[in-house]
Amino acid sequence: MFRFLIVEDNYDTLAQLTEIVREVFPDCVVDMATNIKKGLEHIERARMSGAGYDAAILDFKLPKDVGVDVQADTSLCDSIRRVTPDVPVIHITAYVEDTVLFDHIRKAHQAPGDSRFILISKNDSEWGTKLITELQRHL
């Protein structure tokens, strides 16, 4: 059984992502969060239980907590890579040109042969299909 972490602050997009994942992997477990604080709590619980994730799908601009403004943040990805370095991380964002994102990609995901990082633009009308393709390719 596969286990996924999905962190997305837009509830409609979170519902779409969850539906896509459950459609392709019907028996999977999905932990969902709408902010960084809750995402980090899920990662810590997974680490403590020994039940890590098979993949993480992360929005790139998220609020740190409920009621806080959205901002670019790499702490979720950094935490996942520290706890489970072999897990594919899919960043799904409308801000593919963001300099913080480019710096993060360069620092965290550019090791030779590292195919565990995937960037999908929410502006691409085929983002759902690309997500399915990448999940199937890595799992």
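## Strands side by side

Let's start in the middle of things: β3 and β6 run parallel and are joined by three bridges. One of the pairings links Ile 57 to Ile 90 in β6. Keep in mind that you're looking at a predicted model.

On to another pair: β6 and β7 also run parallel, and here five bridges join them. If you want a spot to look for, find Ile 92, whose bridge partner in β7 is Ile 120.

## The whole sheet

Now zoom out. Five strands make up an open sheet with parallel pairing, and their order is β2-β1-β3-β6-β7. Which strands stand at the edges? They are β2 (29-33) and β7 (117-121); each has a single partner strand, so one side of each has no neighbour in the sheet. From one strand to the next, the twist averages 15°.

Helices lie against this sheet too. Helix α2 packs on it and touches β1 and β2, with a direction at about 160° to that of β1. Helix α5 (residues 127-138) lies across β1, β3, β6 and β7, and runs at about 170° to β7.

## A strand wrapped up on both sides

Back to β6 (89-93). How many of its residues are buried? Five of the five are, so β6 is largely enclosed by the rest of the structure.

Here's a handy bit of background: in a regular strand, side chains alternate between the two faces of the sheet. In β6, Val 89, His 91 and Thr 93 sit on one side, while Ile 90 and Ile 92 sit on the other. All of these residues are buried, and both faces of β6 are covered.

## Pro 88, just before the strand

Pro 88 belongs to the loop between α3 and β6. Is Pro 88 buried or exposed? Its relative accessibility is 8%, and because the cut-off for buried is under 20%, Pro 88 counts as buried.

So who are its neighbours? Leaving out residues up to four places away in sequence, Pro 88 touches Asp 54, Ala 55, Ala 56, Arg 116, Ile 118 and His 138. You can also check Pro 88 against Ile 57: they are 31 residues apart along the chain, and their C-alpha atoms are separated by 8.6 Å.

## Two helices in contact

A quick tip for reading helix pairs: two packed helices are described by the angle between their axes and the distance between the axes. For helix α2 (residues 36-49) and helix α3 (residues 75-83), the axes come within 10 Å and cross at roughly 5°. That angle makes α2 roughly parallel to α3.

Which residues make the contact? On α2 they are Ile 36, Gly 39, Leu 40, Ile 43 and Arg 47, and on α3 they are Ser 75, Leu 76, Ser 79, Ile 80 and Val 83. Sorted by class, the contact of α2 with α3 has six nonpolar, three polar and one charged residues.

## What α3 hides, and the cysteines

In α3, the residues Leu 76, Cys 77, Ser 79, Ile 80 and Arg 81 are buried. The buried residues of α3 pack against plenty of partners, including α2, β1 (3-7), β3 (55-58) and α4 (99-108).

Cys 77 has a relative accessible area of 1%, so Cys 77 is buried. Cys 28 counts as buried too, at 12% relative accessibility. How many disulfides does the structure hold? Zero.

How values were computed:
Residues are numbered from 1 along each chain as its sequence is written. This is a predicted model: local features need pLDDT of at least 70, side-chain atom pairs count only at pLDDT 80 or more; totals for chains, interfaces and linings use all residues. Side-chain values use heavy atoms; hydrogens and water are left out. Axes are lines fitted to C-alpha atoms, for helices over the stretch in contact, and angles run from 0 to 180 degrees between N-to-C directions. Helices (H or I, at least four residues) and strands (E, at least two) are DSSP runs, numbered from the N terminus. Angles under 35 degrees count as roughly parallel, over 145 as roughly antiparallel, 65 to 115 as roughly perpendicular and the rest as oblique. Contact means heavy atoms within 4.5 Å. Ala, Val, Leu, Ile, Met, Phe, Trp, Tyr, Cys and Pro count as nonpolar, Asp, Glu, Lys and Arg as charged, and the others, Gly among them, as polar. A disulfide is a pair of cysteine sulfur atoms within 2.5 Å. Buried means under 20% relative accessible area, exposed over 50%, partly exposed in between (1.4 Å probe, protein chains only). Two strands pair if DSSP finds at least two bridges between them.
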